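Here is a short set of exercises to work through with the model open beside you. Try each task before you read its solution.

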Amino acid sequence: LDACIRQDFFPVMMEHLPPSPDDAVRRSLDLVDQADVYVLVLGLRYGEIPGGHEKSYTHLEWDRAVERGIPVLVLLTSSRHLFTEPDIDVDRERVLRFRAEVERHGVSYFSSPEDLRSLLIDGLSDIRRRLSSRSALTPPAHRLDPPPAPFVFVPYTLLQTSEVVGRQRELSMLTDWVSAPGTDVLVPGIVAPGFA
């Protein structure tokens, strides 16, 4: 979660969804359909197989991401990763076949949570760079019209001067505030005619 947010990606995960009577497979695949990138983190557990299906939720999501052609980032546990008995599927053959399938798409291997985090940050950074360069070449579907040229109905004297007129006490207070040592202040500029 933290690694995704640090790379300006908002992670959508099943565990973040509220309880719902909707079909869990459909909800899971809907998340993949909404995603711009699919991240698969896979150890030695194949995962739960929903009723009426032959593949796990994770495998079904993977298939949908590949079908959609969105960028995928695959992170697999390495042979140096430490596992406890509950971390390993009894039916290892199924998870090993799934791992072999996803390895054809290019993968990175991690042996610790720290490895996983750094590989995820690096991988998402690369994907973000590729997505940015692609979108830079493709103009957006709609563009905002350019702003209109300024129109002054009544000539306004401050348009011809860089000096601020009047309110000297407030001006001095702002100047002291902005120029104080160690102050890092952003001040918006607002230009509008004033009426007395």
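**Exercise 1. The sheet**

Work out how well strand S2 is covered, and then place S2 in its sheet.

*Solution.* Start with the burial of S2: five of its six residues are buried, so the strand is mostly covered. Keep in mind that this is a predicted model.

Next, look at the sheet around S2. The sheet is open and has three strands in the order S1-S2-S3, paired in parallel. Its edge strands are S1 (38–42) and S3 (108–110), each of which pairs on one side only. From one strand to the next, the twist averages 25 degrees.

Now zoom in on one pairing. S1 and S2 (residues 72–77) run parallel and share five bridges. Along this pairing, Val39 stands opposite Leu73 in S2, and Val41 stands opposite Leu75 in S2.

Finally, step back to the whole chain. The protein has six helices and three strands, and from the N terminus on they follow the pattern α-α-β-α-β-α-β-α-α. Of its 196 residues, 23% count as buried.

**Exercise 2. One residue of S1**

Find Val39 in strand S1 and decide whether it is buried, partly exposed or exposed.

*Solution.* Begin with the accessibility. Val39 has 29% relative accessibility; buried would need under 20% and exposed over 50%, so Val39 counts as partly exposed.

Then list its partners. Setting aside neighbours within four places in sequence, Val39 is in contact with Leu73, Leu75, Leu120 and Leu124.

A C-alpha distance adds to the picture: Val39 and Pro71 are 32 residues apart in sequence and 8.6 Å apart in space. For the protein as a whole, take the contacts between residues at least 6 apart in sequence: 72% of them join residues at least 24 apart.

**Exercise 3. Two packed helices**

Describe how helix H2 and helix H3 pack, giving the angle and the distance between their axes.

*Solution.* First, recall the two quantities to look for: a pair of packed helices is described by the angle between the axes and the distance between them.

For H2 (residues 24–34) and H3 (residues 57–68), the angle is about 35 degrees and the axes are 9 Å apart. The crossing of H2 past H3 is right-handed.

Now name the residues that meet. H2 brings Ala24, Val25, Ser28, Leu29, Val32, Asp33 and Gln34, while H3 brings Tyr57, Leu60, Glu61, Arg64, Ala65 and Arg68. Sorted by class, this contact has seven nonpolar, two polar and four charged residues.

Check burial in H2 as well: Val25, Arg27, Ser28, Leu29, Leu31 and Val32 are buried. The buried residues of H2 pack against both S1 and H3. H3, for its part, lies across S1 and S2 and runs at about 145 degrees to S1.

**Exercise 4. Aromatic pairs**

How many aromatic pairs are there, and what is the geometry of the pair formed by Tyr38 and Trp62?

*Solution.* Ring centres within 6.5 Å make a pair, and the count comes to two aromatic pairs.

Take Tyr38 and Trp62 to begin with. Their centres are 6.4 Å apart and their planes stand at 55 degrees, a tilted pair. This pair links distant parts of the chain, with Tyr38 in strand S1 and Trp62 in helix H3, 24 residues apart. Tyr38 and Trp62 are both buried.

Then turn to Tyr46 and Phe98. Their ring centres are 5.8 Å apart and their planes are at 80 degrees, so this pair is edge-to-face. Tyr46 sits in the loop between S1 and H3 and Phe98 in helix H4 (residues 92–103), so the pair ties together parts that are 52 residues apart in sequence. Both Tyr46 and Phe98 are buried.

**Exercise 5. A backbone angle**

Locate Asp8, and say whether this residue is buried or exposed.

*Solution.* Asp8 lies in the loop between helix H1 (2–6) and H2. Its phi is positive, about 65 degrees, although Asp8 is not a glycine. For the accessibility step, exposed means over 50%. Asp8 has 67% relative accessibility and therefore counts as exposed.

Conventions
Residues are numbered from 1 along each chain as its sequence is written. This is a predicted model: local features need pLDDT of at least 70, side-chain atom pairs count only at pLDDT 80 or more; totals for chains, interfaces and linings use all residues. Side-chain values use heavy atoms; hydrogens and water are left out. Axes are lines fitted to C-alpha atoms, for helices over the stretch in contact, and angles run from 0 to 180 degrees between N-to-C directions. Helices (H or I, at least four residues) and strands (E, at least two) are DSSP runs, numbered from the N terminus. A crossing is left-handed if the near helix is turned anticlockwise from the far one by less than a right angle, and right-handed if clockwise. Contact means heavy atoms within 4.5 Å. Ala, Val, Leu, Ile, Met, Phe, Trp, Tyr, Cys and Pro count as nonpolar, Asp, Glu, Lys and Arg as charged, and the others, Gly among them, as polar. Two strands pair if DSSP finds at least two bridges between them. Buried means under 20% relative accessible area, exposed over 50%, partly exposed in between (1.4 Å probe, protein chains only). Rings of Phe, Tyr and Trp (its six-membered ring) pair if their centres lie within 6.5 Å; planes under 30 degrees apart count as stacked, over 60 as edge-to-face and the rest as tilted.
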